[in-house]
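Hi everyone, thanks for coming. I'd like to walk you through a structure that may be new to you, so let's put it up on the screen.

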Amino acid sequence: MDTILLIKAAVMGIVEGLTEFLPVSSTGHLILAGALLGMDDDKAKVFDIAIQTGAILAVVMVYWQKIRDTVSALPTQPKARRLVLNVLIGFLPAVVLGLLFGKAIKAHLFTPVVVASTFIIGGFIILWAERRAPSATRVHHVDDMTMLDALKVGLVQCFAMIPGTSRSGSTIIGGMLMGLSRTAATDFSFFLAIPTLIGAGAYSLYKERALLSMADAPMFAVGLLFSFISAWLCVRWLLRYISTHNFVPFAWYRIAFGIVVLATAWSGLVVWAE
């Protein structure tokens, strides 16, 4: 067992868990961390997607009571059925567009200019959304969302296929721009992440199964564990944070990180390409 490899897997798991649910793009951070740690081959790319499952398990744990209550109320409460239907509706666009365009996006958009641009543009969009969102709020709780709201958020989530965009950033900020409160948009983003990221992880493992062997199990287990722990801490912190704060600091962080992308690409420190 390679101790250094397991330490690297733990670091990558922490990076994934801390960035998956913040509007800062976990993909961009994993590319940077993987390049610095020497974990940027084809197997490492499968690893990056697979450890998202650990982060999703953290969301399930944090929202366990809500999930349990919703499932148990499905036979009797229209509100519970509407929430589950909304999650499925929001999930479908990512499935369809991912299957149609995922390979082309990986082939052509994983470039320094694209990654840096999406980081910086996303930062300015967050600043704009925070200025207009409070006056546009019409949905204050995730249970009050309509199917059209869910479809719109699901379509916005597809922008996250562009590297550097951020899945959580797309869904949370997109939801706010469409009239969801900051809390409702964040809650729905977390619920939508469950099928989206589990599906992406399972599909990637199946498609690239020839690259893997039982010898890789300890590395994946460590990555999943640390992804779970860091995501659990991050999600709990974020839910407290949004009750009294906005996303403006994340906007400025994105802009600064976009500059880091350009600097690391220019210096040759990171290869921002598939």
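Let's start with one pair of side chains: Lys66 and Asp143 come together in a salt bridge, with N to O at 2.9 Å. Please keep in mind as we go that this is a predicted model.

Where do these two partners sit? Lys66 belongs to helix 5, residues 64-73, while Asp143 is in the loop between helix 7 (112-136) and helix 8 (147-157). They are 77 residues apart, so this pair links distant parts of the chain.

And is each partner buried or exposed? Lys66 has 25% relative accessibility, so Lys66 counts as partly exposed. Asp143, at 7%, counts as buried.

Now, how many salt bridges are there in total? The count comes to 5, and I'll show you two others.

Please find Asp216 and Lys43. Their side chains meet in a salt bridge as well, at 3.1 Å from N to O. Asp216 lies in the loop between helix 10 (182-207) and helix 11 (217-241), and Lys43 is in helix 3, residues 42-50, so this pair ties together parts that are 173 residues apart in sequence. As for accessibility, Asp216 is buried, with a relative accessible area of 11%. Lys43, at 27%, counts as partly exposed.

The next pair is Arg68 and Asp69. Here the closest N and O atoms of the salt bridge are 3.8 Å apart. Arg68 is partly exposed, with a relative accessible area of 43%, and Asp69 counts as partly exposed too, at 37%.

Let's leave the salt bridges and turn to a pair of helices. Helix 2, residues 26-37, packs with helix 12, residues 248-267, at an angle of about 35 degrees. Their axes are 12 Å apart, and helix 2 passes helix 12 in a left-handed crossing.

Which residues make that contact? From helix 2 we have Gly28, His29 and Leu32. From helix 12 come Tyr253, Phe257, Val260 and Thr264. Sorted by class, the contact of helix 2 with helix 12 has 4 nonpolar and 3 polar residues, and no charged ones.

So, to recap what to look for on the screen: the salt bridge of Lys66 with Asp143, the one of Asp216 with Lys43, the one of Arg68 with Asp69, and the left-handed crossing of helix 2 and helix 12. Thanks for listening!

Conventions
Residues are numbered from 1 along each chain as its sequence is written. This is a predicted model: local features need pLDDT of at least 70, side-chain atom pairs count only at pLDDT 80 or more; totals for chains, interfaces and linings use all residues. Side-chain values use heavy atoms; hydrogens and water are left out. Axes are lines fitted to C-alpha atoms, for helices over the stretch in contact, and angles run from 0 to 180 degrees between N-to-C directions. Helices (H or I, at least four residues) and strands (E, at least two) are DSSP runs, numbered from the N terminus. A crossing is left-handed if the near helix is turned anticlockwise from the far one by less than a right angle, and right-handed if clockwise. Contact means heavy atoms within 4.5 Å. Ala, Val, Leu, Ile, Met, Phe, Trp, Tyr, Cys and Pro count as nonpolar, Asp, Glu, Lys and Arg as charged, and the others, Gly among them, as polar. A salt bridge is a side-chain nitrogen of Lys or Arg within 4 Å of a carboxyl oxygen of Asp or Glu. Buried means under 20% relative accessible area, exposed over 50%, partly exposed in between (1.4 Å probe, protein chains only).
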